Amino acid sequence: MTTTTTAIVTPPAGAAPAGPRASWAAVLALAGFEARGLLTRLPVLLAFAVYAGWTVWRTRTSFDGFPALQDADRATQTAPLLVGLAVLFSVSQAVLRSRRYDTERHFAVLVLPPWRRTVAHLLSLVPAVLLVAVCVGGQFGWEALKPGAVGNGSPGELLVGPLSVLLLGTLGVLFARLFASAFAAPLLLVVLLFFSMFAAMPQDGDAIRWLMPVVGDYSTRTLPSELLGRPAAWHALYLAGLALSVALAAVLVSGEGAGARSGSGSGPGRVLKGRFVDHRGVHAGLAGAVALTLLGAVTQADGVPAETEKARMRYSTTPQDLQKCSERDGTTYCAFPEWTSRTDDWAEVVDRVRSLAGDAVRDRPLVVRQRVEARYGPDGDAAMTPLTDPNQVSVGTTWGGNRVPEFAVAVAGVLVTGKEAEASALCDGRLVTVMWLALAGGAEPMADLSRVRVDDSTSGAAVVISETEPLQMTAAHTELVRELLVRPREEVGAKVTANWTELTTPKVTTDRTAHLLGLDAPEEADECGE
Amino acid sequence: MTPTVSASGLSLRFGGTRALDDVSLRLSAGVTGLLGPNGAGKTSLLRVLATAVPADRGVFTVLGHDPGTSRGRQEVRRRLGYLPQAPGFHPDFTAFEFVDYVAILKELTDRTARHREVRRVLDEVGLTGVRGKRLRKLSGGMRQRTALAAALVGDPAFLVLDEPTVGLDPEQRMRFRELIAHAGEGRTVLLSTHQTEDVAMLCNRVVVMAAGTVRFDGTPAELTAQAGGRVWSSAERDPGAKAGWRTGLGTYRNVGDPPDGADLLEPTLEDGYLLTLDGAAVAA
């Protein structure tokens, strides 16, 4: 039968002209609708509130006010995962909404086909991702604007947070399209958390570890940015490729794409059953995205480049070849290029220690040498060996907080013993002089005493933390230092200056040191290795 | 007059069940009632015409477009309003949001114009005062009107309503009849219902289906006329009647082939409907 009919051509109110442009405009409108819903979902609101609150609270005091930006960029990566999990859960619920409330029968005959609705759900993730990107940028910017900031951040590392949220969101969409169950998303969360626990194990090797969105390090050691050897850009590519792959897979599994096939025979309206997806573009895009993912995954697992390994060796063994040195008041400060702005902070400590020693060390040349043990990469935790050259003191790559009194101890140790290596092996009365010189000039000497001791104590024997070898205070040393720190600085300083030669003589006893500084002999034990 | 729907030989099977069997139909402007017992194929026909499911066989056009092609189907959907049987709702959406959501899925993309249109249809179904309320807080009748608003948004040329008055109390049903009558002005409405009163009051045309086939296609008056001289009153239920029931007057109203000398009564649309079914579902 052939029927001749005439279409009614009046367009619906508010409709854009029919065609692909109108469909994409509808996708964007739907994405905006879904994005508003997503951002106002309770889990997402809570996650953002916790994320923002935690970020502000942490960044106020992070890195003791002296951030290295190559560390600060990675510090932005973990917290967005909370938002990502909330987004995964919420977007999954949004995708399942029609099925859950049985509106699919109705919506199935509306103009926008399911695959475009899936695209809208995927696009609805963008505001949440951008919001996380703004938070990441804000957190990093805050660190960068701190007066003590040094170093360089990596765009690749900064992208990890937003890309993780994008990836988790796309996983939520895909799972909701694959498994029409409200339990799919929570189950996926459990599986992801379980996998992340095992993948994060260092023994699993980099290839597995780098498959996770966020790859942390096992050390708090700060390395020059060129030594990190983290494949940040490749990892960002891997995450972006994976998110895109998951997104396109979600579009492909969204059911009816191009609709029913025209049947055999002529004439209008012959209809056959059957649904198929005919998106060659999506298939090609998926293939490209998978290729990008594989490229990123394989390349990021390549390990540390040989040039980086060599540079790590150079930085660790011959730092002098890479450093810029400047002299100030008889002290030479040699810093790696990214740390030259920190010389002023070091000089303040050196000047304070020198001033307490007075004329005895006024003309003593001193070299403050920045050092780093980079041979084991950012995951390494090996201590540096003390310097054996006379009048040279090591300073590390981190600063602020406990690092300041620890550096003061190192400076005092070299001024008293002449060599850093010798200071590390101190086990006599000189340690009392070292500790007083290091701590007495500070604003809170007693607090600093507890900070430099591994057990945060101010009595008894304890190890004193150092960038190189730790020092060991006996209970007698501690007793004397504590008594000295409560006495007037000028009074003790005069005695130190007057008795400098004997106080710094090797093997001087603790009792003798006490006597020279006007103290009673200590009652506490005075034996190293207690 | 150009028909909105022109269908010929539509057939549809679900497994071993024949839901539609060689259905031919032409629909034009006005309200057409689709009557039939459960399982008659009403919903199947509506779903085929609404492009929700493709037919196994047959030829049809809707609004001049061929739903068998992707482009044609999209064009039909662009001009279609569909209210499914027992429609679902998103309880956390407001009435405005729900209709707006449907409007977006109908590709009404200009935000200002779309919102104006959403307000218009909500006003048309009398929900202006509650458009900001969550659907879970609305009564069943209000939700049903929200669904009708969603079907009306975009001013569709062809409106498919599948048992829209089921579950509504008499007052709500009357309100709904007003809305449907209004909606039928200037557009084609296909109304599936079990309620013969709905058809009598609303429709200028009626189609009766049974067992997947069209048993009657004409005006309500013609359907009523089918029972002319075939309805009679008796003191007891006439065993020869195809259907009979005791009325409030204490006498029996019988439908079928009356005996000689029977006390004939004025037929109603329901009598015509029952006779059209030829007893297939009368007992039910």
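Reader: What distance separates the centres of domain 1 and domain 2 of chain A?

Author: The two centres, taken over C-alpha atoms, are 47 Å apart. The contact draws 22 residues from domain 1 of chain A and 17 from domain 2 of chain A, where contact means that two C-beta atoms, placed from the backbone, lie within 7 Å. On the domain 1 side, the split is 10 nonpolar, 8 polar and 4 charged residues. Here Ala, Val, Leu, Ile, Met, Phe, Trp, Tyr, Cys and Pro count as nonpolar, Asp, Glu, Lys and Arg as charged, and the others, Gly among them, as polar.

Reader: Before I go on, what sort of model is this, and how are residues numbered?

Author: It's a predicted model, where local features need pLDDT of at least 70 and side-chain atom pairs count only at pLDDT 80 or more, while totals for chains, interfaces and linings use all residues. Residues run from 1 along each chain as its sequence is written, and chains are lettered from A and ligands numbered from 1 in the order in which they are written.

Reader: Which stretches of chain A do the domains cover, and where do such bounds come from?

Author: Domain 1 of chain A takes in 20–260 + 277–303, and domain 2 takes in 319–516; bounds like these come from an automatic or database domain assignment. Chain B gets domain 1 (1–79 + 157–220), domain 2 (90–151) and domain 3 (229–266). The C-alpha centres of domains 2 and 3 of chain B are 48 Å apart.

Reader: How many helices and strands does chain A have, and what makes a run count as one?

Author: Chain A has 22 helices and 6 strands. Both are DSSP runs numbered from the N terminus: H or I over at least four residues for a helix, E over at least two for a strand.

Reader: What makes the packing of α7(A) against α8(A) parallel or antiparallel?

Author: Helix α7 (residues 125–145) and helix α8 (residues 155–178) of chain A pack at about 160°, with axes 8 Å apart. That makes α7(A) roughly antiparallel to α8(A), because angles over 145 degrees get that name, under 35 being roughly parallel, 65 to 115 roughly perpendicular and the rest oblique. Axes are lines fitted to C-alpha atoms, for helices over the stretch in contact, and angles run from 0 to 180 degrees between N-to-C directions.

Reader: Which residues of α7(A) and α8(A) meet?

Author: Among them are A:Leu125, A:Val132 and A:Phe140 in α7(A), and A:Leu158, A:Pro162 and A:Thr170 in α8(A). By class, this contact has 11 nonpolar, 3 polar and no charged residues.

Reader: What about α6(A) and α11(A): parallel or antiparallel?

Author: The axes of α6 (residues 114–123) and α11 (residues 232–252) of chain A come within 8 Å and cross at roughly 150°. That value is over the cut-off, so α6(A) is roughly antiparallel to α11(A). In this contact, A:Trp115, A:Thr118, A:Val119 and A:Leu122 in α6(A) meet A:Ala247, A:Ala250 and A:Val251 in α11(A). The residues divide into 6 nonpolar, 1 polar and no charged.

Reader: Why is B:Glu117 called what it is, buried or exposed?

Author: B:Glu117 has 24 other C-beta atoms within 10 Å, so it is buried. The cut-offs, with C-beta atoms placed from the backbone, are 20 or more others within 10 Å for buried, 12 or fewer for exposed, and anything in between for partly exposed. B:Glu117 lies in helix α4 (residues 111–124) of chain B.

Reader: And A:Lys507, buried or exposed?

Author: With 9 other C-beta atoms within 10 Å, A:Lys507 falls under the lower limit, so it is exposed. A:Lys507 is in the loop between α21 (500–503) and α22 (510–516) of chain A. Its phi is near 70°, a positive value in a residue other than glycine.

Reader: Why does B:Asp155 get its exposure label?

Author: B:Asp155 counts 19 other C-beta atoms within 10 Å, which is between the two limits, so it is partly exposed. B:Asp155 sits in the loop between α5 (140–152) and β6 (158–162) of chain B, and has a positive phi of about 50° although it is not a glycine.

Reader: What makes helix α17 of chain A largely enclosed?

Author: In α17 (residues 430–439) of chain A, 10 of the 10 residues are buried, so the helix is largely enclosed by the rest of the structure. A:Arg430 and A:Trp436 are among them. Helix α9 (residues 269–276) of chain B is largely enclosed too, because 8 of its 8 residues are buried, including B:Glu270 and B:Asp271.
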